[in-house]
Amino acid sequence: MTAKLHARDKARAEVALRVAFQSRDGLEHMGTTRDLSVRGAFIETPQPPLEGATVALRIEAPTSWDPIVIACVVQWNSARPGFDADGTKIPPGFGVRFASLSNEHTGAIRALLAASGFDER
């Protein structure tokens, strides 16, 4: 498990999980997490919402009985594949900051990260 840290204060674990998100259009869209922390995530999807949009993200976590549903703010998006500073291909998708996390959601995400071998310290 590798950690990614680019222009953020917390490292993120590379974790691929199915997610669904609903934005202001009211439609549910599907995606896959590519990285995750207790502060946010990158979601790979061909239909990213607009930057600044608020979305409800539903994470299907194998460590939780129920999906983890979190309000998020889209920090950036890209409808086309790109490349990061290291030349690694970035698929279409969007980055989110979790707007607020309950203690229950924080614990569920930490359990998920720990189960995947990630040490957030």
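## Thr 33 and its surroundings in a predicted model

Setting aside residues up to four places away in sequence, Thr 33 is in contact with Val 15, Ala 16, Leu 17, Val 19, Phe 42 and Ile 43. The model is a predicted one, so please read every distance below as computed from predicted coordinates. Thr 33 is found in strand S4. Is this threonine buried or exposed? With a relative accessible area of 0%, Thr 33 is buried.

The side chain of Thr 33 has two polar partners worth a look on your screen. One of its polar atoms lies 2.6 Å from the backbone oxygen of Val 15. The Thr 33 side chain also reaches the backbone nitrogen of Leu 17, at 2.9 Å. Val 15 and Leu 17 both appear in the contact list of Thr 33 as well. Looking along the chain in the other direction, Ile 59 is 26 residues away in sequence from Thr 33, and the C-alpha atoms of the two are separated by 8.6 Å.

### The chain as a whole

Stepping back, the protein chain holds 1 helix and 10 strands. Along the sequence the order is β-β-β-β-β-β-β-β-β-β-α. Of its 121 residues, 36% count as buried. Where contacts join residues at least 6 apart in sequence, 53% of them link residues at least 24 apart. The chain exposes about 7,100 Å², and carbon and sulfur atoms supply 51% of that area.

### Aromatic pairs

A pair of aromatic rings is described by the distance of the centres and the angle of the planes. How many aromatic pairs does this model have? The count comes to 2. Phe 21 and Phe 94 make an edge-to-face pair, with 5.0 Å from centre to centre and 65 degrees between the planes. These two rings link distant parts of the chain: Phe 21 sits in strand S3 (residues 18-22) and Phe 94 in strand S10 (residues 93-98), 73 residues apart. Phe 21 counts as buried, at 1% relative accessibility, and Phe 94 counts as buried at 0%.

Phe 42, already met as a contact of Thr 33, pairs with Trp 76. Their ring centres are 5.4 Å apart and their planes lie at 5 degrees, so the pair is stacked. Because Phe 42 belongs to strand S5 (residues 40-44) and Trp 76 to strand S7 (residues 68-78), the pair ties together parts that are 34 residues apart in sequence. Is Phe 42 buried or exposed? Phe 42 has 5% relative accessibility and therefore counts as buried. Trp 76, with a relative accessible area of 29%, is partly exposed.

### Salt bridges

The model has 3 salt bridges, set out here with their N to O distances.

| Acidic residue | Basic residue | N to O distance |
|---|---|---|
| Glu 28 | Arg 58 | 2.9 Å |
| Glu 44 | Arg 34 | 2.5 Å |
| Glu 60 | Arg 58 | 3.2 Å |

Which residues are linked in a network of salt bridges? Glu 28, Arg 58 and Glu 60 are. Within that network, the Glu 28 and Arg 58 side chains meet at 2.9 Å, and the pair links distant parts of the chain: Glu 28 lies in strand S4 (residues 28-36) and Arg 58 in strand S6 (residues 54-59), 30 residues apart. As for accessibility, Glu 28 is partly exposed at 47%, Arg 58 is partly exposed with a relative accessible area of 26%, and Glu 60 is partly exposed with 32%.

The side chains of Glu 44 and Arg 34 meet at 2.5 Å. This pair, too, links distant parts of the chain, with Glu 44 in strand S5 and Arg 34 in strand S4, 10 residues apart. Both partners are partly exposed: Glu 44 has a relative accessible area of 25% and Arg 34 one of 31%. Strand S4 is also home to Thr 33, where we began.

### A threonine in the helix

To finish, here is another threonine. Thr 106 lies in helix H1 (residues 103-115). Thr 106 has a relative accessible area of 16%, and this value makes it buried, because buried means under 20%. Not counting residues up to four places away in sequence, Thr 106 touches Val 38 and Leu 101.

Notes
Residues numbered from 1 in each chain as written. Predicted model: local features only at pLDDT ≥ 70, side-chain atom pairs only at ≥ 80, totals over all residues. Heavy atoms only, no water. Phe/Tyr/Trp six-rings, centres within 6.5 Å; stacked < 30°, edge-to-face > 60°. Helix = DSSP H or I, 4+ residues; strand = E, 2+ residues; numbered from the N terminus. Buried < 20%, exposed > 50% of the residue type's maximum accessible area, 1.4 Å probe, protein only. Contact = heavy atoms within 4.5 Å. Areas by Shrake-Rupley, 256 points an atom, 1.4 Å probe, with all protein chains shown as cover. Salt bridge = Lys/Arg side-chain N within 4 Å of Asp/Glu carboxyl O. Polar contact = N/O pair within 3.5 Å; in protein donor to acceptor, adjacent residues only side chain to side chain.
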